[in-house]
Amino acid sequence: MLFGACSCLPTTLSMSRRGLLCAGGAGFVTALIGTLASSSRIARAQALASKPPEVDGLAVRIVTDNQIIKWIPTEKRDGLTIERRPGGNLSPDAPPSVDLVAEWGLSMHVESRRGSEVRNILIDFGYQPQTLLNNMSVLKIDPASLDALVLSHGHYDHFGGLVGFLSANKGRLKKGLPFFIGGEDCFCTRETAAGQYGALDRKAITVWS
């Protein structure tokens, strides 16, 4: 997998951030699934058809978020089940042996089902690889089961854990694993009055692709 020079002009984006968000949900995930068997060459994202493809079931699991609220029970809302993982001091006077870690960042695991087909996708990678790897282990998400990786946009709290995740799982990920990005601006350096905000290292990605 190769990436060209960084260009932040809107005309160079394969899919805008707004377009990516608007294509969300089952239709977006299923559209990604449809490309898994295609070539690993870089290609512009195709627009969804007027009627989005459908799946029989979709589960979205928050792997990394900026806070963890414990002791809220599982609930159902209009046919949607919201499952919450208990944690904390499960034994008297003893700290938890393993637990989820919150940080400034976001990562999600998506599992879709259509008939007998099951696909697993990791969307975004949080701020630090240590947090991502810990939480995937606690949630029992096997990196070898992933069918695609997705980076929604180029903010550090969404791509910071990516390179470390790839390095830690060298040889475990599926061969030719597709990597979808929200646009070329994912590789642009972010700068503010306080200084440089950071940029995704495309060379480090090509090493593991």
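This section describes the salt bridges and the largest pocket of a predicted model.

Six salt bridges are present in the structure. Side chains of opposite charge can pair when their charged atoms come close. In the pair formed by Asp-147 and Lys-174, the closest N and O atoms are 2.5 Å apart. This contact connects distant parts of the chain, its two residues being 27 residues apart. Asp-147 lies in the loop between helix H3 (129-138) and strand E6 (148-151), whereas Lys-174 belongs to the loop between helix H5 (162-168) and strand E7 (179-181). The two partners also fall into separate accessibility classes: Asp-147 has a relative accessibility of 11% and is therefore buried, as the class comprises values under 20%, while Lys-174, at 38%, is partly exposed.

A further salt bridge joins Glu-75 to Arg-84, with 3.0 Å between the closest N and O atoms. Glu-75 has a relative accessible area of 26% and is partly exposed. Arg-84 is likewise partly exposed, its relative accessible area being 29%. Through salt bridges that share partners, Glu-75, Arg-77 and Arg-84 are joined into one network.

Arg-119 and Glu-117 constitute another such pair, in which the closest N and O atoms are 3.5 Å apart. A relative accessibility of 25% places Arg-119 in the partly exposed class. Glu-117 is also partly exposed, with a relative accessible area of 38%.

The largest pocket has a volume of about 1200 Å³. Its lining consists of 36 residues, of which Val-60, Arg-61, Ile-62, Glu-83 and Arg-84 are the closest to the centre of the pocket. Arg-84 is thus common to both parts of this description: Arg-84 forms a salt bridge with Glu-75 and is among the lining residues closest to the pocket centre.

With respect to secondary structure, the elements that contribute two or more residues to the lining of the largest pocket are strand E1 (57-64), strand E3 (80-82) and strand E4 (107-114). The greatest contribution comes from E1, which supplies seven residues. Classified by residue type, the lining of the largest pocket comprises 17 nonpolar, nine polar and ten charged residues.

Notes. Residues numbered from 1 in each chain as written. Predicted model: local features only at pLDDT ≥ 70, side-chain atom pairs only at ≥ 80, totals over all residues. Heavy atoms only, no water. Salt bridge = Lys/Arg side-chain N within 4 Å of Asp/Glu carboxyl O. Buried < 20%, exposed > 50% of the residue type's maximum accessible area, 1.4 Å probe, protein only. Helix = DSSP H or I, 4+ residues; strand = E, 2+ residues; numbered from the N terminus. 1 Å grid on protein atoms, 1.4 Å probe; cavity = no way out; pocket = protein on both sides within 12 Å on 5 of 7 lines; lining within 4 Å. Points joined across faces, edges and corners; volume = space filled by probe spheres on them. Nonpolar A, V, L, I, M, F, W, Y, C, P; charged D, E, K, R; others polar.
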